[in-house]
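Open the model in your viewer and keep the selection panel at hand. This tour goes stop by stop.

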Amino acid sequence: MKTDISLTKKQRQRLAFYSIVTVCLAVAGAASYVSTYRTVKDANTPEDITVPLEITMPSVDEQPKIPDEQVNEVKDDIPDTRYEPETEPQSAVATVTRAESFSLPLGNAVSKHASLSELVYSKTMEDWRAHNGIDFPGATGDPVKAVNNGIVLSVKDDALWGTVVEIDHGEGMIARYCGLGKGSTVNEGDTVKINDKVGNLSVIPIESADGVHLHFEVRINGAYADPIAALGKTPEDFN
């Protein structure tokens with residue numbers, strides 16, 4: 001007996017309808033997946049992405065090597081002084097031979113003594129201040145003499161002290177001759193003998209109320225000293 005398994009027209013129509021529906025659902029599902037993927041990707045991915053550069057450093061074996069003979073090579077124009085002993089610069093002190101005694105730079109009259117740490121009244125500045133030197137009165141143009149042998153360290157034109165000559169008289173003693181006339185002095189580096197002219201007397205702006213005079217200071221090993229004692233004098237040596 002033969003069984004008839006052929007579909008009727010109505011059944012075939014139903015089967016085609018369900019097939020179409022299945023295909024549509026599959027297409028809709030795929031579209032939804034793609035849209036969701038793009039939304040998530042756009043939300044989590046910045047517009048500008050900086051891609052880190054990958055830098056590959058050469059290995060030790062690949063780096064250039066300096067020949068051993070060039071490592072400590074001494075260049076002719078750049079001497080190697082790493083192992084030279086340190087030496088102290090020579091100063092003028094070592095080359096000054098003093099005379100047996102000191103002389104005075106400008107007569108033996110004193111108009112004002114050094115006060116050093118004690119404050120005294122300044123008529124010019126109208127205040128109280130230390131007076132670190134001794135003042136020898138004179139007239140404009142009077143010659144000022146070196147108190148001993150020495151070497152001129154500097155000659156400077158100072159707005160307050162006039163032209164100032166600084167002389168190294170040896171054994172740590174440096175004297176400053178203040179109130180000299182510009183262009184009348186010895187020069188830096190000159191060697192002077194005791195009683196040689198250092199310069200001509202002029203004015204001292206910061207002490208102008210005290211008249212024309214030489215302001216003479218002495219420092220020994222960097223500290224101010226009483227000029228009378230430094231010159232080996234006593235008050236009896238002055239008028």
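Where is Glu-126 found? Select Glu-126: it lies in the loop between β1 and β2 (127-130). Helices (H or I, at least four residues) and strands (E, at least two) are DSSP runs, numbered from the N terminus.

Before moving on, note the ground rules. This is a predicted model, where local features need pLDDT of at least 70 and side-chain atom pairs count only at pLDDT 80 or more, while totals for chains, interfaces and linings use all residues. Residues are numbered from 1 along each chain as its sequence is written, and side-chain values use heavy atoms, with hydrogens and water left out.

**Glu-126.** Check its backbone. Phi of Glu-126 is near 55 degrees, a positive value in a residue other than glycine. Most residues other than glycine have a negative phi. Glu-126 counts as exposed because its relative accessibility is 61%. The classes are buried (under 20% relative accessible area), exposed (over 50%) and partly exposed in between, with a 1.4 Å probe and protein chains only.

**Asn-195.** Go next to the loop between β8 (191-192) and β9, where Asn-195 is found. Asn-195 is not a glycine, yet its phi is positive, about 75 degrees. Its relative accessible area is 39%, so Asn-195 is partly exposed.

**Asn-200.** Now select strand β9 (residues 197-200), which holds Asn-200. Asn-200 counts as partly exposed because its relative accessibility is 22%. Show its surroundings. Leaving aside neighbours within four places in sequence, Asn-200 is in contact (heavy atoms within 4.5 Å) with residues including Gly-141, Asp-142, Pro-143 and Leu-180. Draw the C-alpha to C-alpha distance to Leu-180: 5.5 Å in space, for two residues 20 apart in sequence. Then display the side chains of Asn-200 and Lys-197, joined by a polar contact of 3.4 Å. A polar contact is a pair of N or O atoms within 3.5 Å; within protein, one must be able to donate a hydrogen and the other to accept it, and residues adjacent in sequence count only if both atoms are side-chain atoms.

**Tyr-121.** Move to strand β1 (residues 119-122), where Tyr-121 is found. Tyr-121 counts as partly exposed, because its relative accessibility is 39%.

**Whole protein.** Zoom out. Colour by secondary structure: there are three helices and eleven strands. From the N terminus, the elements run α-α-β-β-β-β-β-β-β-β-β-β-β-α. Of the 239 residues, 28% count as buried. Finally, turn on contacts: among those with a separation of 6 or more, 63% join residues 24 or more positions apart.
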